[in-house]
Amino acid sequence: MKKKAYAKINIALDVVGKREDGYHLLKMIMQTIDLYDIIEIKKNNIENINLTCNKHYIPTDERNLAYKAAKIFKQEFNVKSGIDIDIKKNIPVAAGLAGGSTDAAAVLELMNKLFKINANRYKLEKLALKIGADVPYCIKGGTALCEGIGEKITPLEPFNNKILVVVKPNFGVSTKDVYNALDVKKIYKHANIDGLIEAMKKQNIIWVAKNMKNVLENVTLKKHIILKNIKDDMNKMGAINSMMSGSGPTIFAFFEDMSLAQKCYEGIKEKYKYNDIYITRTIN
């Protein structure tokens, strides 16, 4: 069995408080984009979890969220059979695009079918939360408002077929480090979540792009000045507006048409020489 595991961007990422256990309380608009890994699974007879990947730098043990997902699923449903997982990785890692989370979500869904467990979506999402805060959303996908630590998911009107260029610089960012460095009291401008949801309902890409907000830029952009330069360059090269996704370092920008996106893609590739640059679209 195989499945595409899609990346996400944040059209809004706001931090509205902090729990006693240290977790930040979030309010986010998440959106699936047409950039994906391919996950393939099959049973084996040795009861082990075996994970392979086309990228040599990806861990294939419990550090990998897909491996962790398989282990949690086996324990939860008392699955004795082993499982072989193969990941064809296209989504950049440590990028703010939920690459690891979406792989884990795909493993849960595929194992649910392969072993005929037939757990409902609610049960899968509960399991997913044990793996990571983004994993429940990755099971649902599409356009959604995510609250709490990311586990309270409200589907929104689809915001499909919007053109974007995605740029992942050649370094990663630790989500944990970014949140640790964030001072919630110093967030003076919060995202206009209600306004964005309303504009997305009307498919008003201009308003959405001009008003999207990610408060984690306060941390990551200060640490990596290059990201501010990429944002400015994308805007000069025809983007409606650009923003960082998640905790970074990936920058994405919305475009009114494909010719402008192509021009920006070529300009950024020429200037920065990065391999991980994509023209893609929002999907549901």
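Two strands pair if DSSP finds at least two bridges between them. With that in hand, here is a friendly walk through this structure, which is a predicted model.

1. **Strand β3 and its partner.** A good place to start is Leu51, which stands opposite Ile85 in β4. The two strands involved, β3 and strand β4 (residues 82–88), run in the parallel sense and are linked by five bridges. Please look at the two faces of β3 (residues 49–53) as well: Ile49, Leu51 and Cys53 make up the covered face, while Asn50 and Thr52 make up the uncovered one. In a regular strand the side chains alternate between the two faces of the sheet.

2. **The unit around helix α1.** What handedness does the β-α-β unit of β3, helix α1 and β4 have? It is left-handed, with helix α1 covering residues 65–77. On the way from β3 to α1 there is a loop, and Asp61 is found in that loop. Asp61 counts as partly exposed, at 32% relative accessibility. From Asp61 to Asn284 the distance is 31 Å, C-alpha to C-alpha, and the two are 223 residues apart in sequence.

3. **Between β4 and α2.** The loop between β4 and α2 holds Ala94. Its phi is near 45°, a positive value in a residue other than glycine. Is Ala94 buried, partly exposed or exposed? With a relative accessible area of 43%, Ala94 is partly exposed.

4. **Helix α2.** This helix spans residues 99–114 and has 16 residues. From its first C-alpha to its last, α2 reaches 22 Å, close to the 22 Å expected at 1.5 Å a residue. How many of the 16 residues of α2 are buried? The count is 14, so α2 is mostly covered, where buried means under 20% relative accessible area. Just after α2 comes Lys116, with a positive phi of about 50°.

5. **How α2 meets α3.** Two packed helices are described by the angle between their axes and the distance between the axes. For α2 and helix α3 (residues 121–131), the axes come within 10 Å and cross at roughly 140°. That angle makes α2 oblique to α3. The crossing of α2 past α3 is right-handed.

6. **Strand β5 and its two neighbours.** Strand β5 (residues 143–148) is mostly covered, with five of its six residues buried. One partner is strand β2 (residues 24–44), which pairs with β5 in the antiparallel sense over six bridges. Another is strand β6 (residues 152–155), also antiparallel to β5, over four bridges. Leu145 is a handy residue to follow here: Leu145 is the bridge partner of Ile29, and Thr154 in β6 is the bridge partner of Leu145.

7. **The β5–β6 hairpin.** What joins β5 and β6? The two strands form a hairpin, with three residues between them. In the turn, Gly150 has a positive phi of about 120°.

8. **The four-stranded sheet.** An open sheet is built from four strands in the order β9-β10-β7-β11, and the pairing is antiparallel. Which strands stand at the edges? They are β9 and β11 (277–281), each with a single partner strand, so one side of each is left without a neighbour in the sheet. On average, neighbouring strands of this sheet are turned by 25° against each other, direction ignored. Within the sheet, strand β7 (residues 163–167) and β10 pair over five bridges in the antiparallel sense. For a pair to pick out by eye, try Ile163, which stands opposite Phe255 in β10.

9. **A cis peptide bond.** Gly248 and Pro249 are joined by a cis peptide bond, and omega is about 5°. Where does Pro249 lie? Pro249 is in the loop between β9 (241–244) and β10 (251–255).

10. **Gln203.** The loop between α6 (193–201) and α7 (205–211) contains Gln203. Phi of Gln203 is near 60°, which is positive in a residue other than glycine. Gln203 is partly exposed, with a relative accessible area of 34%.

Technical notes
Residues numbered from 1 in each chain as written. Predicted model: local features only at pLDDT ≥ 70, side-chain atom pairs only at ≥ 80, totals over all residues. Heavy atoms only, no water. Buried < 20%, exposed > 50% of the residue type's maximum accessible area, 1.4 Å probe, protein only. Right-handed = clockwise from strand over helix to strand, strands pointing away. Expected span 1.5 Å × (residues − 1). Axes fitted to C-alpha atoms, helices over the stretch in contact; angles between N-to-C directions. Parallel < 35°, antiparallel > 145°, perpendicular 65-115°, else oblique. Left-handed = near helix turned anticlockwise from the far one by under 90°.
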